[in-house]
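Q: Please take a close look at a single part of this structure and at what is joined to it. Which residues there are buried or exposed, and what contacts link that part to the rest?

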Amino acid sequence: MHIYDSVEKTKRKFIPQEAGKVSLYVCGPTVYDNAHLGHAKSALVFDLLTRVLQADGLDVTYARNITDIDDKIIKKAQELGKDIQEITDFYTDVFHKEMQAIGVRPPDIEPKATQNLDAMQSMIATLIENNHAYVTEDGDVYFDTASDSQYLSLSKRFQEEESKQERIASSSMKKNPADFALWKSVKDGSVSFSSAYGAGRPGWHLECSAMIEKHLAKPNTAFSVDIHGGGADLLFPHHENEAAQTRCSSNHALANYWMHNGFVNINGEKMSKSLGNSFFLKDALKEYDGEVLRFYLLGTHYRSNFNFNTQDLQSAKKRLDKLYRLKKRLFGLAVSEEKTPFQEQLLSILKDDLNTSSANALIDEMIAKTNETLDTPGKHKLLKRETMANLSFIEQVLGFGVKNPFEYFQFGVDAQTKAHLEELINKRNLAKEAKDFAQSDKIREEILALGVNLMDTPNGTFWEKI
RNA sequence: GGUGCCAUCGCCAAGUGGUAAGGCCGCAGCCUGCAAAGCUGCUAUCCCCAGUUCAAAUCUGGGUGGCACCUCCA
């Protein structure tokens, strides 16, 4: 396995700290709103990573957190007049369902910030003890960036300029504008937790470091985790600060490999909360099968920026359709698990920093070759068995083609329409048998007007929602 | 202003020193009652200029044009 390390800025051979085992931590969502395509992209990338590592025989422990305490959540709760937990439970549930819809498997560990305050407080205590953090008169606790000689080594920035660039009126209590909060005191009686420094809430960056130490890190290792992942925008300041906290409170560095996925843009613009141009997963899932979204979002290399548009989505769907048509063709055959050269090739392509684009090319070539042979006379028993094995491998590693192929082509068609279609198809087949082609073509036009394509095959007439 | 990324066929997109994958669209053909699907064939020298090299889309320098981070963000 080779992974592009976004801190070293080079592709590195992946060597886990403990032979055969991988620990992976990815920054998860703050649950106060619906997930958008960017959340989907990030979750998909690391879902794929775990699948590839597992296919390569590694035992992966994957943790992705849920941030369920945050100013934005509190704000939302206040706006809606609801309890915080009502908000976070609701959006956590939505997130889980949407992830399932796009084939993202649940992480092994999904720690919540509210359930790990003990770990955060003990990390704060250690940082203060080590003189890497200080308490202000207000009861805030800040990380002392000047105390960490390696601060900014991750994002490779320069301290002086950062200070100059400070745009927010800095708290007079901070020693240095770059210092960031580990604990923010709360005095107005809103949501808070008790601590040795008074009531307050944990800082944004602390949560990840603390939960990694608690759930993934092992004693006497050079790094807390093998791989740390997240969106490209998290490198600074989030990951920089996480790394500082961990290195200054423990005897190991945070991560051996850093992976950052590129962004999903809409019409060439970054999708973001402040720009208000988010494309929510829940809306996309109304119009497209979750697997189409998965296929589309994974079609481009994970590090590249991704420009979302419906034309490209359609073209991705057509590509996935071909995989499903082959599945239709082989429907009902026994699943095979045998090893084939194709699988080795596919895995080796994916092991090269998740080259999904090349993987798709290989799959398309396999599909075309298989179809070509199936078009010739013969039983093709061996080919069929190998193809079944290949398709199963594609499902397992890439999560493509996991559905019933007939149902896949019926996405968004209700039961009533299905019954109507069956009726029309029967009528058309009768007309065809009677060689009344004018009538059968007329019915086909009628069906096409419903957005449904017909295909006459030796095994009968099938329909597909376009 | 600082830091970094990117620029490959009409569109999407691999390839990062050895002579341009794949998909969508398009055209032609096979198959089909006709279609659809499937298959076959056809379609780019890689933003510009200079350099290094036997050899460059791939390295170096200089342009031009996009984008991101530096503020909550996946």
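A: A residue is called buried here when its relative accessible area is under 20%, exposed when that area is over 50%, and partly exposed in between. The model is predicted. The part chosen is helix 12 with the loops on either side of it.

The loop between helix 11 (341-350) and helix 12 (356-374) holds Asp353, and Leu354 is placed in that loop too. Asp353 is not a glycine, yet its phi is positive, at about 55 degrees. Leu354, again not a glycine, also has a positive phi of about 55 degrees. Asp353 has a relative accessible area of 1%, so it is buried. Leu354 counts as buried because its relative accessibility is 1%.

Helix 12 itself has 19 residues. From its first C-alpha to its last it reaches 26 Å, close to the 27 Å expected at 1.5 Å a residue. Its buried residues are Thr356, Ala359, Asn360, Leu362, Ile363, Asp364, Met366, Ile367, Thr370 and Leu374. The cover over these buried residues includes helix 1 (37-55), helix 9 (290-297), helix 10 (310-329), helix 11 and helix 13 (381-398).

Two salt bridges can be followed from helix 10, one of the elements that cover helix 12. In one of them, Asp375 is paired with Arg329, with 2.7 Å between the closest N and O atoms. Asp375 belongs to the loop between helix 12 and helix 13 and Arg329 to helix 10, so the bridge ties together parts that are 46 residues apart in sequence. Asp375 has 58% relative accessibility and therefore counts as exposed. Arg329 is partly exposed, because its relative accessible area is 37%.

Salt bridges with shared partners also join Lys317, Asp321, Arg325, Lys328 and Glu464 into one network. Within it, Lys328 and Glu464 form a salt bridge whose closest N and O atoms are 3.0 Å apart. Lys328 lies in helix 10 and Glu464 in strand 15, so this pair ties together parts that are 136 residues apart in sequence. Both Lys328 and Glu464 are buried.

Strand 15 (residues 460-465) pairs with strand 14 (residues 452-457) in the antiparallel sense, over 6 bridges. The two strands form a hairpin, with 2 residues between them. Within this pairing, Thr461 in strand 15 stands opposite Asp456.

For comparison, a salt bridge elsewhere in the model is set within one helix. Asp93 and Lys97 meet through their side chains at 3.0 Å, N to O. The two residues lie in helix 3 (residues 84-101), 4 residues apart, or about one turn of the helix. Asp93 is partly exposed, because its relative accessible area is 39%. Lys97, at 53% relative accessibility, therefore counts as exposed. The structure holds 30 salt bridges.

To return to the chosen part: helix 12 follows a loop in which Asp353 lies, a residue with a positive phi, and helix 10 is among the elements that cover the buried residues of helix 12. On the other side of helix 12, the loop towards helix 13 holds Asp375, which forms a salt bridge with Arg329.

Key:
Residues are numbered from 1 along each chain as its sequence is written. Chains are lettered from A and ligands numbered from 1 in the order in which they are written. This is a predicted model: local features need pLDDT of at least 70, side-chain atom pairs count only at pLDDT 80 or more; totals for chains, interfaces and linings use all residues. Side-chain values use heavy atoms; hydrogens and water are left out. Two strands pair if DSSP finds at least two bridges between them. Buried means under 20% relative accessible area, exposed over 50%, partly exposed in between (1.4 Å probe, protein chains only). The expected span of a helix is 1.5 Å times one less than its number of residues. Contact means heavy atoms within 4.5 Å. A salt bridge is a side-chain nitrogen of Lys or Arg within 4 Å of a carboxyl oxygen of Asp or Glu.
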